[in-house]
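This report goes through the fold, the helices, the cysteines and a few individual residues of one protein chain. The sequence and the model are shown first.

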Amino acid sequence: MARRSSKTGPALTHIGASGEARMVDVSQKPATERVAVAEGRVVMTRATLDLILSGNAKKGDVLGTARIAGIMAAKRTSELIPLCHPLALSKVTLDIEPDAKLPGCRVKATVKVTGPTGVEMEALTAVSVACLTIYDMIKAVERGVRIEGIHLVEKKGGKSGHYRA
């Protein structure tokens, strides 16, 4: 039996009856199509954004590298986040849009699987690592870069249904 977060709140599924951490048993759950979308922002000066867009960053193609890093991270989420199930992802899309109004980049990950558990953590991990990669590749130019607003935007599938932030 899962421990409850409060007398009326939902059960904390990764906490056992004695308070120990546990991996949730999803073996009896039906395999359904599940999709999760997460977003985040990397905020920087206009000059740094212009450097990225010109392709003149010393470390190379910032946005292309961040896109690959995010996709790789989604595939390895279960190695990074304790108690996450390893999943055979069917789709990972990482979109990075430069935004002059920030100035900076908006990062969005869409992850899809057909299975007994959702892909929210994979989408959030993809966005987080893509944002960190952008930071890493431009930190020599600007130390004041900020990573902001990483959050789940949408989730579809499974027993809990459709969620939209």
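Where is the place of Met121? Met121 has its place in helix α4, where helices (H or I, at least four residues) and strands (E, at least two) are DSSP runs, numbered from the N terminus. This is a predicted model, in which local features need pLDDT of at least 70 and side-chain atom pairs count only at pLDDT 80 or more, while totals for chains, interfaces and linings use all residues. Residues are numbered from 1 along each chain as its sequence is written, and side-chain values use heavy atoms, with hydrogens and water left out.

**The chain as a whole**

The chain holds 4 helices and 7 strands, and from the N terminus on these elements follow the order β-β-β-α-α-α-β-β-α-β-β. Along the principal axes, the C-alpha atoms fill a box of roughly 55 × 30 × 25 Å. Of the 165 residues in the chain, 36% are buried; here buried means under 20% relative accessible area, exposed over 50%, and partly exposed in between (1.4 Å probe, protein chains only). Contact means heavy atoms within 4.5 Å, and among the contacts in the chain with a separation of 6 or more, 66% come from residues 24 or more positions apart.

The accessible surface of the chain is about 9500 Å², and 55% of this belongs to carbon and sulfur atoms; accessible areas come from the Shrake-Rupley method with a 1.4 Å probe, and for residues only the protein chains shown count as cover. There are 25 positive and 16 negative side chains, with the centres of the two sets 4 Å apart. Lys and Arg count as positive and Asp and Glu as negative, whereas His and the chain ends are not counted, and the place of a charge is taken as NZ of Lys, CZ of Arg, CG of Asp or CD of Glu.

**Helices α2 and α4**

The expected span of a helix is 1.5 Å times one less than its number of residues, and for the two helices in the table the expected span agrees with the separation of the end C-alpha atoms.

| Helix | Residues | Expected span | End C-alpha separation |
|---|---|---|---|
| α2 (62-75) | 14 residues | 20 Å | 20 Å |
| α4 (120-138) | 19 residues | 27 Å | 28 Å |

The buried residues of α2 are Val62, Leu63, Gly64, Ala66, Ala69, Gly70, Ala73 and Ala74, and what covers them includes α1 (46-54), α3, β4, β5 and α4. In α4 the buried residues include Ala123, Ala126, Val127, Ala130, Cys131, Ile134 and Met137, together with Glu122 and Thr125.

Met121, by contrast, counts as partly exposed because its relative accessibility is 34%. Leaving aside neighbours within four places in sequence, Met121 is in contact with Thr77, Ile81 and Cys84; the C-alpha atoms of Met121 and Cys84, 37 residues apart along the chain, are separated by 7.9 Å.

**Cysteines**

A disulfide is a covalent bond between the sulfur atoms of two cysteines, and it is assigned here to a pair of cysteine sulfur atoms within 2.5 Å. By this rule the count comes to 0 disulfides. Cys84 is in no disulfide, the nearest cysteine sulfur being that of Cys131, 18 Å away. The sulfur of Cys105 also has its closest cysteine sulfur in Cys131, but the 8.7 Å between them is too far for a bond. Cys84 counts as buried because its relative accessibility is 15%, and Cys105 is buried with a relative accessible area of 0%.

**Residues in loops**

Lys29 lies in the loop between β2 (11-12) and β3 (32-43) and, at 37% relative accessibility, counts as partly exposed. Beyond its neighbours within four places in sequence, Lys29 is in contact with Arg34 and Pro116, and although Lys29 and Pro116 are 87 residues apart along the chain, their C-alpha atoms are separated by 5.2 Å.

Leu83, found in the loop between α3 (77-80) and β4, has a positive phi of about 75° although it is not a glycine, and its relative accessibility of 30% makes it partly exposed. In the loop between β4 (91-99) and β5 (104-115) lies Pro103, which is joined to Leu102 by a cis peptide bond with omega of about -15°.

Gly161 has its place in the loop between β6 (146-156) and β7 (163-164) and is partly exposed, with a relative accessible area of 23%. Leaving aside neighbours within four places in sequence, Gly161 is in contact with Lys155 and Lys156.
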